Amino acid sequence: MSTRLSQRRVVPIMAVLTTFICIIDGAITTVALPSIARQFALTPAALTGVVVVYPVCLGMVIPASAWLVERHGGRRALLLSLAAFTAASGLCGAAPNLTALVAARALQGLAAGLLMPTSQALLFRTFSQAEQVRLSRLMVIPQQIAPALAPLLGGLLVTSLSWRWVFYVNVPFGTAAVLFGAFFLAEHRDHAAGRLDLPGLLLCAAATGTLMYGVCAGPDLGWDRPQVIGALAVGAVLLAAAVRQQLRAPEPVLRLRLFRDRLFRDTNLVSLVGYVPMMGAMFLGPLFIQEARGGSALDSGSTTFTEAFGVLVTMQVVGAVYHRVGPRLIIGTGLLGVAGVMLLFATADADTGLWTFRCYMFLLGLAMGGVFIPTTIASFSTVDRADVAHAATLNTVVRQTGNALAPAVVTSVLVLGASGTRRVHPPLASYQLSYFVLAAVAVAAALFAFTMPDGPARTATPATSRPTGPRAAGPRPRQKAGRPGR
């Protein structure tokens, strides 16, 4: 292996490549959902099964990601998960039936469960917080190229070829990332891993899978069905047992004690709730264009992509003012902006032009840009270097839970009170109601965001921050958990 390139260049490149293929997969899959539904005779609510099997499996393996990184090193964990994700993408494209597609998506989710927390941990070990703020202004550009290109690419592939190519397209990107990492990425390991908390891992996986099944099946089968109620009840019991195990274990698979830090806890709560309206709107947009307006996959792809340019614009401003105004004001304002755009979407009908919808998506991106990076950077402000991998794992668990809840909330509202053919093709009023619900959730998240203590995040200025990478000499100081200053 050659490591002639500086790891301060290699690590961001690997993080960008990892994020790129994950975003490409999510955005393109959303565009292809109506075509997949038609081929396999699914209702819009049943699409949740195809979408959510991915975050369900992802959530099941995420708890083990921090231990695997410490046990086998960041390089090996990242490269193996990238290779598995790439292979699973090929299997999705070749799936002969719905069962095979769901199984391949499950394998994708298992592989992706290591990708995001591992790449995030490598970044936060290599760069100081002040450097991360500056770096985010550059990294967001290629990261947003993916969601900008994905809907267009997905629309072209679905229209010109078939939905299968939205999965095949991951293969060249994944292969390139694996080869680059194999040649240039050095090993990243701070300390030896402790003993694996196997009971905690099994309880976390069982609780996640059971709860997600209930969330997925609820919109399609009905929330009052015995199997849905049973899954949610059993999942809640398993979750309580998992939490108890994590708090008692000397080396827990999930370091829940990190939530004692108020800033870390609050930023994760904002992410959990705030991701529902943001990701819900991204899920609902293609359905609205293709189902409510009768447009094509290319129509939806060429309409929703403008969101990415809005994020790009806002992120340049966020990087410049982050330390001056603090993440609290930025995040809260961004979520209020998301709520406002949801109200604009709620006014759309069958006669709304595509360019009007594109403008709404651009405004949504402007608002979302004030939420994504600030919540991530602020959440690490008071985390010790030894806890970075575990903090990244918890962040990923929370955000993927929000991602999984988003389509469940949207599809539940879409089929609310509908029956028969109206469940297959919800009326326009159902789409408008969905946007109103998402707006209400965004307002609630914004109000909570304005109460966050962001003192530690604002005081980590370029003059006082210390590197968290391999050259750092000892741990950086932090405030006591649960008592961050304002």
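Start by selecting helix H15, residues 354–368, in this predicted model. Color its buried positions and you'll light up Leu354, Phe357, Arg358, Tyr360, Met361, Leu364, Gly365, Ala367 and Met368. Note that Arg358 and Gly365 are in that buried set along with the likes of Phe357 and Met361. Now put a distance between the end C-alphas: the 15 residues of H15 reach 21 Å, close to the 21 Å expected at 1.5 Å a residue.

Keep Leu364 selected and step out into the largest nonpolar core. Which of its residues touch the most other members? Leu364 is one of them, and the others to add to your selection are Leu335, Val338, Met342, Phe345 and Tyr435. The whole core has 48 residues. To see where they come from, show the elements that give two or more residues each: H11, H13 (306–325), H14 (327–346), H15, H16 (372–379), H17 and H19 (428–449). Which helix has the largest share? Click on H11, which supplies 10 residues.

Next stop, the largest pocket. Select Thr208, Leu239, Leu254, Val397 and Thr401 and center the view there; among the 27 lining residues, these lie nearest the pocket's centre. The space in this pocket comes to about 640 Å³. Now bring up the helices that give two or more residues to its lining: H2 (47–61), H9 (198–221), H10 (226–248), H11 (262–292) and H17 (388–414). You've met H11 and H17 already, as contributors to the core. Give H9 its own color, since nothing gives more to the lining: 7 residues come from this helix. Then try coloring the lining by class, and you should get 20 nonpolar, 6 polar and 1 charged residues.

Time for a quick cysteine check. How many disulfides does a search of the whole structure find? The count is 0. While you're at it, pick out two cysteines. Cys92 has a relative accessible area of 0%, so it is buried. Cys204 comes in at 7%, and it counts as buried too because the cut-off is under 20%.

Last, jump to helix H1, residues 7–40, and select Val10. Is Val10 buried or exposed? Its relative accessibility is 0%, so Val10 counts as buried. Add Leu185 to the selection and draw a line between the two C-alphas: they are separated by 6.2 Å, though Val10 and Leu185 sit 175 residues apart along the chain.

Conventions. Residues are numbered from 1 along each chain as its sequence is written. This is a predicted model: local features need pLDDT of at least 70, side-chain atom pairs count only at pLDDT 80 or more; totals for chains, interfaces and linings use all residues. Side-chain values use heavy atoms; hydrogens and water are left out. Helices (H or I, at least four residues) and strands (E, at least two) are DSSP runs, numbered from the N terminus. The expected span of a helix is 1.5 Å times one less than its number of residues. Buried means under 20% relative accessible area, exposed over 50%, partly exposed in between (1.4 Å probe, protein chains only). On a 1 Å grid over the protein atoms alone, a cavity is a set of points where a 1.4 Å probe fits but cannot get out, and a pocket is an open set with protein on both sides within 12 Å along at least five of seven lines; lining residues have an atom within 4 Å of a point. Grid points are joined across faces, edges and corners, and a volume is the space filled by probe spheres set on the points. Ala, Val, Leu, Ile, Met, Phe, Trp, Tyr, Cys and Pro count as nonpolar, Asp, Glu, Lys and Arg as charged, and the others, Gly among them, as polar. A disulfide is a pair of cysteine sulfur atoms within 2.5 Å. A nonpolar core is a set of buried Ala, Val, Leu, Ile, Met, Phe, Trp, Tyr and Cys residues joined through side-chain atoms within 4.5 Å.
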